[in-house]
Amino acid sequence: MRKFNFWLALGSITLAFLLFSGCQGSFRHFGEFSVMYLENNCKVVTDGVGRKLLLVPRGQEAPKEYEGVTKVEIPVRKVVTYSNADAARLKTLGVVDSIAGVVTKKDDWYIPEIRKGMEEGRIVYLGEYTSIDYERLQVINPDVVFTWDEGVIPKLKELDIPCVITSTKLAKDLPAHIR
């Protein structure tokens, strides 16, 4: 299990890095996550449950052969995160200021930038993960939602908000992430 969690962490950090930068390469595979580099700085990533997402530089057209694949413009500017661990990864990458919405109450945060952002109104508390305020989420209009909750995929698809499942079928709960 330790080996898997290493790949989970490495894959999700790599995925976040790709979403915020213009990283180059050919193909990378980290546990459930994978990245395939295309022409014109586009990338196809596979998230924690095997869904494909097409990363396209802002202002650029998506390759025609990837029509129907969820498109995410990069670098992303505004994200919503369901997970404190994902927020910590974004902080590590130096892009914590891109977080615009969370599902953890202000008093439960230990990342000072998030607490301050919530106090100043730059980061919105959207409610518990079981009862997200989707109207507020639409107002935020994030470039992407980072979540472990596969159950929100249909609703986010309906709202045309891309999401990335940042955990995998093998490591969904806290004890699995800790090992």
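Colleague: Which residue stands opposite Gly101 in S8?

Modeller: Val124 does. One caution: this is a predicted model, where local features need pLDDT of at least 70, side-chain atom pairs count only at pLDDT 80 or more, and totals for chains, interfaces and linings use all residues. Residues are numbered from 1 along each chain as its sequence is written, and side-chain values use heavy atoms, with hydrogens and water left out.

Colleague: What makes S7 and S8 a pair?

Modeller: Pairing requires that DSSP finds at least two bridges between two strands. S7 and S8 are joined by two bridges and run parallel, so they pair. Strands here are DSSP runs of E, at least two residues; helices are runs of H or I, at least four residues; both are numbered from the N terminus. Gly101 belongs to S7, residues 99-102. From Gly101 to Val124 the C-alpha separation is 4.5 Å, across 23 residues of sequence.

Colleague: Why does Gly101 count as buried?

Modeller: Buried means under 20% relative accessible area, exposed over 50%, partly exposed in between (1.4 Å probe, protein chains only). Gly101 has 0%, so it is buried. Leaving aside residues up to four places away in sequence, Gly101 touches Val79, Val80, Thr81, Ile123, Val124, Leu126 and Ile140. Contact here means heavy atoms within 4.5 Å.

Colleague: Why are S8 and S10 called edge strands?

Modeller: The open sheet has five strands in the order S8-S7-S6-S9-S10, with parallel pairing. S8 (124-125) and S10 are its edge strands, as each pairs on one side only. S9 has partners in S6 and S10. With S6 (residues 79-81), S9 makes three parallel bridges, and Val80 is matched with Val145. With S10 (residues 163-165), S9 also pairs in parallel over three bridges; there Phe146 is matched with Val164.

Colleague: What kind of unit do S9, H5 and S10 make?

Modeller: A β-α-β unit, right-handed, with H5 at residues 153-158. The term right-handed applies if, with the strands pointing away from the viewer, the path from the first strand over the helix to the second runs clockwise.

Colleague: Which residues of S9 are buried on each side?

Modeller: Val144 and Phe146 are buried on one side, Val145 and Thr147 on the other. Both faces of S9 are covered.

Colleague: What makes a set of residues a nonpolar core?

Modeller: The set must be buried Ala, Val, Leu, Ile, Met, Phe, Trp, Tyr and Cys residues joined through side-chain atoms within 4.5 Å. The largest such core has 23 residues, and Val79, Ile99, Trp109, Ile114 and Val144 have the most contacts inside it. Elements giving two or more residues to this core include helix H2 (84-92), S7, helix H3 (112-120) and strand S9. Another core lies apart from it, with 18 residues, among them Val80, Val103, Ile132 and Cys163. In soluble globular proteins, nonpolar side chains tend to be buried together.

Colleague: How many disulfides does the rule give?

Modeller: Zero. A disulfide needs a pair of cysteine sulfur atoms within 2.5 Å. Cys42 is nevertheless buried, as its relative accessibility is 1%. Cys163 is buried too, at 4%.

Colleague: Why does Asp47 count as buried?

Modeller: Its relative accessible area is 0%, so the cut-off is met. Asp47 sits in the loop between S3 (43-46) and S4 (52-57). The side chain of Asp47 reaches the backbone nitrogen of Arg51 at 2.9 Å. A polar atom of that side chain also lies 3.1 Å from the backbone nitrogen of Ile165. A polar contact is a pair of N or O atoms within 3.5 Å; within protein, one must be able to donate a hydrogen and the other to accept it, and residues adjacent in sequence count only if both atoms are side-chain atoms. Both distances fall within the cut-off.

Colleague: What do S3 and S4 form?

Modeller: A hairpin, with five residues between them; Gly50 in the turn has a positive phi of about 85°. S3 and S4 run antiparallel over four bridges, and Val44 is matched with Leu54. S2 and S3 form a hairpin as well, also with five residues between; here Asn40 has the positive phi, about 60°. Four bridges join this antiparallel pair, with Met36 matched to Val44.
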